[in-house]
Every structure is written in structure tokens, then in C-alpha cells.
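Work through the exercises below with the sequence and the structure in view. Try each task before reading its solution.

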Amino acid sequence: MPSSIPQTQTAGWIQDPGPDCVLQIRKDVQVQSPSSGEVLVKLECSGICHSDCMNLAAPGKYTEVPGHEGVGTVVSLGEGVSQELMGKRVGIKWLWSACKECSNCKAGKENQCSKQKNTGRSVWGTLQQYVVASADFVTMIPEGVKSEIAAPLLCAGLSLAGAVSKLSPELSAGDYVAIVGAGGGLGHIGVQIATIKGYKVIAIDSGAQKEKLAKEMGAVAFVDFAKQDPVEAVRHLTDGEGAHGVICVAGSEKAYIQAPELVRNSGVFVCVGLPPDTFMFPMSPIHIANRGLVIRGSSTGSSKQMDELLQLAVEGKITPKVEVYDFADSPKILQELQRYEVTGRKVVRAP
């Protein structure tokens with residue numbers, strides 16, 4: 001690697017994950033070298049996602065360095081990587097790499113590859129100064145999109161672009177879509193994306209700040225689950241039948257237990273939020289069959305959807321609410337996310 005790149009760096013580090021684990025900020029973490037087909041990215045900023053909390057809590061399932069919404073500049077190339085990538089501003093997403101050979105990859109659905117690697121789970125994440133990425137799977141960040149705006153689009157935005165796409169072909173423009181967790185980092189971008197697609201969005205969350213944000217993003221109604229019964233409220237707004245589609249972004253068990261009652265018969269339910277993996281979907285097959293429900297899962301979107309999303313950002317149609325913090329604030333932000341206290345998305349600057 002070039003001599004200008006240090007051997008050690010500052011990084012967010014998880015030691016002994018478990019219920020009480022708190023992210024450490026360490027200044028002695030080794031800078032990794034890019035192998036064949038990889039690049040080294042000098043990070044500019046990284047979004048922090050609620051799913052990064054899983055790194056803190058789940059021993060043995062994730063890496064020591066969380067984060068998967070990184071934007072920075074390519075500063076070193078591994079063997080076989082095109083020189084054209086040097087100096088480019090790129091994004092590092094949840095999908096770190098895919099096999100390129102399975103049926104999903106060949107169909108352009110690399111986000112569903114069963115052999116994929118994930119940033120922050122399979123390899124060290126983006127809460128570090130220098131991040132190794134797979135050259136074929138970085139996203140080129142277009143001019144006209146600020147890095148702190150691009151960062152949350154790499155996961156929060158792409159996850160909801162994928163989720164909203166799963167409402168098709170059953171739903172049409174003008175149909176009602178309820179988004180559970182609409183005021184958070186993923187949800188508020190989902191409100192914008194669904195509104196652009198022509199759906200009437202019912203935002204479900206709690207608090208005046210989240211209500212204000214959801215309505216700014218285009219929601220036609222806001223339901224505060226702490227003040228009213230969401231099921232009754234949604235049915236009242238939809239002629240008694242429920243929403244045509246529901247996207248559950250919230251990761252709490254309570255949200256998943258209640259959310260299936262928000263969707264009308266023959267509607268579409270999209271799972272996005274991540275409750276503990278011991279929690280099972282709270283409906284019996286007989287109810288799903290009798291109601292004719294379509295249940296889909298979406299963890300992230302495709303590379304094509306990523307490019308479309310960035311183009312919408314260039315055009316000013318997608319405008320995530322972002323607050324930028326110092327890297328040292330990362331542990332506090334993760335704790336706030338664990339308590340569901342974050343409105344919009346928080347992004348940290350690399351040291």
C-alpha cells in the first residue's frame with residue numbers, strides 16, 4: 001500500500017458482544033490491505049443503522065467493526081482492479097459481495113444471493129477510517145449528491161427501495177400503504193419513495209418530531225401508536241378494510257405482532273425490520289390462507305435500484321433527513337438507536 005496510508009487507525013470496536021455491550025472507540029486498529037479484486041477506501045462518513053445494534057448484542061454472528069453505510073475515496077487497489085477506480089468517490093453497502101453465478105445473481109437480484117457477504121457481518125464494517133471493499137460491488141456516488149446524504153441511501157434508502165418494489169404487482173398508484181416505523185432512518189425515506197410511486201402513505205410511529213418528518217416526506221396521515229390504536233386508526237382511514245400494503249420497518253416484536261392486522265384481505269405484507277431471530281412470524285398458515293395475504297421479505301435492494309435512488313437524489317426528489325456528528329459520538333448514537341430515540345438518520349464523520 002502507499003506509504004501515506006498508516007498501519008493503524010481509529011475505529012469503532014465491539015469487544016465481548018452481549019446485552020450490555022457498548023461500542024468502544026479504539027485508535028490502535030490495524031488498517032487492512034486490499035486483496036485481489038478489492039479496494040481500500042479512505043472513509044469520509046458513515047451512517048449508523050439500527051441493524052448495527054445487532055453487532056453489539058449477538059456474539060459470534062457479526063464482526064468487531066459495525067457499519068454498512070460508508071462513503072469515501074478509493075486510495076489503494078488490490079491485484080486485478082482497474083486503475084480507473086483510483087481516486088473515485090464510492091459507497092460501501094450492506095451487500096459487500098455476491099457470487100455472480102447463481103440464478104438470482106444472473107437475474108440481477110444479487111441482493112438475494114445465498115452466498116453473499118455483508119459489510120459489518122462477514123467483513124469489517126464502515127465505522128473505521130480505512131475500509132476494504134469488493135471492487136465489483138462498490139457504488140459510484142454521482143456529483144451533486146453530498147456524501148452525508150449518499151451514506152444513508154446505501155442502506156436505509158436501498159432497503160426501502162427494495163421493500164416498496166415488493167408491493168408490485170398487487171398494488172397500484174392510489175392504494176394505501178402503511179409504513180410501521182415511518183419516522184426512523186429507513187422509514188422516513190420509505191415514505192418518500194412510496195409517495196413518489198403514487199401510493200397514499202399512512203405513517204405509523206410515535207412523537208411530534210416523527211409526525212412532522214413523516215408528513216414532510218409525503219405521508220397523507222400519521223398514526224401515533226402511543227396515543228391511539230393503530231389497527232382502528234388505519235381501518236378508519238381505509239373504509240374499514242385496512243391498508244392495501246404494509247411495510248414493517250420497526251424491529252420490535254410488538255410491532256410485528258400487531259402489523260398483520262393493518263393489512264386488508266388479499267393485501268401485501270413486507271418484512272424489513274429485524275426482531276430477534278428466535279421470533280417467528282405471528283400468524284398461523286390458516287389465517288394467511290383464509291385472508292389471501294402475500295408475505296414478502298426485503299433486506300436490501302438491487303444495484304439497479306441503488307442507481308435509480310441516487311438519480312432521484314441528484315434530482316432532489318429524495319431528501320433524507322440527516323444529522324452529522326463526530327465519530328466519537330458513535331457509541332451514544334447506537335444506544336439511542338437501541339432505545340428507538342432517533343428521528344431520521346444520524347451520520348458520523350470519519351476521524
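The exercises that follow concern a predicted model.

**Exercise 1.** Find which peptide bond from serine 168 is cis or trans, and place proline 169 in the chain.

Solution. Step one: look at omega for the bond that joins serine 168 to proline 169; omega is near 5°, and the bond is cis. Step two: locate proline 169 among the elements; proline 169 sits in the loop that runs between helix 3 (147–165) and strand 10 (176–180).

**Exercise 2.** Aspartate 239 and serine 266 are not glycines; determine the sign of phi for each, and decide whether each is buried or exposed.

Solution. Step one: take aspartate 239, where phi is positive, at about 55°. Aspartate 239 belongs to the loop between helix 6 (230–237) and strand 13 (243–248). Step two: compare its accessibility with the cut-off, where exposed means over 50% relative accessible area. Aspartate 239 has a value of 74%, so this residue is exposed. Step three: repeat for serine 266, where phi is near 65° and again positive. Serine 266 is part of strand 14 (residues 263–271). The relative accessible area of serine 266 is 52%, so serine 266 counts as exposed.

**Exercise 3.** Give the strand order of the open sheet and name its edge strands.

Solution. Step one: follow the pairing across the open sheet, which has 6 strands in the order 12-11-10-13-14-15, paired in parallel. Step two: look for strands that pair on one side only; these edge strands are strand 12 (221–224) and strand 15 (294–297). Step three: go from one strand to the next, where the twist averages 20°. Step four: inspect one pair, strand 10 and strand 13, which are parallel and joined over 4 bridges. Within that pair, alanine 178 is opposite valine 246 of strand 13.

**Exercise 4.** Count the cavities of 30 Å³ or more and describe the lining of the largest cavity.

Solution. Step one: the count is 1 cavity of 30 Å³ or more. Step two: the volume of the largest cavity is about 40 Å³. Step three: list lining residues, among them Trp96, Thr119 and Phe137. Strand 5 (89–92), strand 6 (95–97) and strand 8 (130–134) each give two or more residues to the lining. Step four: sort the lining residues, which gives 6 nonpolar, 3 polar and 1 charged.

**Exercise 5.** State where UniProt places the feature "domain: Enoyl reductase (ER)".

Solution. Step one: the unreviewed UniProt entry puts this feature at residues 18–348. Step two: in the model, residues 18–348 are 27% helix and 25% strand, and their end C-alpha atoms lie 24 Å apart.

How values were computed. Residues are numbered from 1 along each chain as its sequence is written. This is a predicted model: local features need pLDDT of at least 70, side-chain atom pairs count only at pLDDT 80 or more; totals for chains, interfaces and linings use all residues. Side-chain values use heavy atoms; hydrogens and water are left out. Buried means under 20% relative accessible area, exposed over 50%, partly exposed in between (1.4 Å probe, protein chains only). UniProt positions are given in the numbering used here, feature names are shortened, and annotations may be inferred rather than shown by experiment. Two strands pair if DSSP finds at least two bridges between them. Axes are lines fitted to C-alpha atoms, for helices over the stretch in contact, and angles run from 0 to 180 degrees between N-to-C directions. On a 1 Å grid over the protein atoms alone, a cavity is a set of points where a 1.4 Å probe fits but cannot get out, and a pocket is an open set with protein on both sides within 12 Å along at least five of seven lines; lining residues have an atom within 4 Å of a point. Grid points are joined across faces, edges and corners, and a volume is the space filled by probe spheres set on the points. Ala, Val, Leu, Ile, Met, Phe, Trp, Tyr, Cys and Pro count as nonpolar, Asp, Glu, Lys and Arg as charged, and the others, Gly among them, as polar.
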